[in-house]
Amino acid sequence: MRLVLFGPPGAGKGTQATRIAAAWGVPHVSTGAMLRDAVSGGTALGTRVKDVMDRGLLVSDDLIGEVVEQRLRQPDARRGFLLDGFPRTPRQVEILDRILSGLGATLDRVVLLEVPERVVLQRLAGRAAAGDGGTVRADDNEDTIRERMRVYRAQTEPVADIYRRRGILAEIDGTGTIDEVFAAVASELKGQRA
Ligand code: AMP
């Protein structure tokens with residue numbers, strides 16, 4: 001199964017992505033996690049992206065495209081993958097199309113986790129104050145959260161329209177419990193095995 005999961009910051013993408021990837025037996029490819037690893041590992045990539053990430057902005061489409069292409073060329077992604085956090089702009093949709101056509105593959109489904117902005121802000125404020133079950137992120141402070149929401153609306157929401165027109169978008173209500181949301185995603189993906 002080749003799947004994209006996306007939604008506003010704080011929609012619970014990371015949690016759901018981990019569960020979906022385990023249930024379907026495909027690698028969880030999180031661009032945010034890869035970039036955070038690069039920053040904490042002090043790599044050349046990390047040095048390039050740290051400031052942009054701390055400000056809640058997006059790293060360049062071409063740079064993130066290279067990171068994703070290298071990852072999807074790994075043998076474990078041959079039978080499928082779950083992309084979390086990419087594509088995030090219409091240009092990244094084109095880049096992903098090109099990567100997939102180079103691999104002779106197509107996307108099966110794009111899942112949009114929908115959560116109203118009011119709920120997102122509450123969740124992210126909680127994560128910033130208490131840590132998300134231990135996950136404290138450098139970009140979880142109030143100003144950066146607002147900036148990430150603005151960036152999401154301006155640059156990432158149009159991605160949903162592209163996949164809706166292609167007929168592969170599944171819109172899932174992300175406001176329930178973790179189990180409820182997972183059940184809704186799973187029922188949407190039923191029958192699509194890696
Ligand atoms: P995330 O964990 O998906 O919220 O990503 C954290 C940060 O990493 C984002 O705020 C961006 O700075 C950067 N990032 C992750 N994925 C992408 C992407 N597809 N395009 C550009 N920047 C990204």
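By buried, I mean a residue with under 20% relative accessible area. With that cut-off in place, let me turn to the structure, which is a predicted model.

I begin with helix α4. This helix covers residues 61-72, twelve residues in all. From its first C-alpha to its last, α4 reaches 16 Å, close to the 16 Å expected at 1.5 Å a residue. Which residues of α4 are buried? They are L63, I64, G65, V67, V68, E69, R71 and L72. The list therefore includes E69 and R71 under the cut-off of 20% relative accessible area. As for what covers these buried residues, the surrounding elements include strand β2 (28-30) and strand β3 (81-84). Helices α2 (31-40), α3 (44-54) and α5 (90-103) are also among the elements that cover them.

One residue of α5 deserves attention here. Q92 is found in helix α5, and it counts as buried because its relative accessibility is 3%. Setting aside neighbours within four places in sequence, Q92 is in contact with D61, I64, F86 and P87. Of these partners, I64 is one of the buried residues of α4. The peptide bond from F86 to P87 is cis, with omega near 0 degrees. P87 itself is placed in the loop between β3 and α5.

I now move to strand β1, residues 2-6. Is this strand enclosed or open? Five of its five residues are buried, so β1 is largely enclosed by the rest of the structure. R2, V4 and F6 point one way from the strand, while L3 and L5 point the other way. Strand β1 pairs with β3 in the parallel sense over four bridges, and in that context L5 stands opposite D84 of β3. β1 also pairs in the parallel sense, over four bridges, with strand β4, residues 109-114. There, L3 stands opposite R109 of β4.

F6 merits a closer description. It is placed in strand β1 and counts as buried because its relative accessibility is 3%. Leaving aside neighbours within four places in sequence, the contacts of F6 include V110, V111, L112 and L113. Further contacts of F6 include K13, Y152, T156, V159, A160 and L169. F6 and E114 are 108 residues apart in sequence, yet their C-alpha atoms are 8.9 Å apart in space.

This brings me to the nonpolar cores. In soluble globular proteins, nonpolar side chains tend to be buried together. In this model, the largest nonpolar core has 31 residues, and F6, L96, L107 and Y163 touch the most other members. The elements that give two or more residues to this core are β1, α3, α4, β3, α5, β4 and α7 (142-166). Not counting residues up to four places away in sequence, L107 touches R2, L3 and V4, as well as F81, L96, L100, Y163 and I168. A second, separate core has 25 residues, including L3, A17, W24 and A170.

I close with the aromatic residues. How many aromatic pairs does a search of the whole structure find? The number is zero. There is, however, an arrangement between a charge and a ring: R19 lies over the face of F182, at 4.4 Å from the ring centre.

Conventions:
Residues numbered from 1 in each chain as written. Predicted model: local features only at pLDDT ≥ 70, side-chain atom pairs only at ≥ 80, totals over all residues. Heavy atoms only, no water. Phe/Tyr/Trp six-rings, centres within 6.5 Å; stacked < 30°, edge-to-face > 60°. Lys NZ or Arg CZ within 6 Å of the ring centre and 35° of its normal. Expected span 1.5 Å × (residues − 1). Buried < 20%, exposed > 50% of the residue type's maximum accessible area, 1.4 Å probe, protein only. Contact = heavy atoms within 4.5 Å. Pairing = 2+ DSSP bridges. Core = buried A, V, L, I, M, F, W, Y, C linked by side-chain atoms within 4.5 Å.
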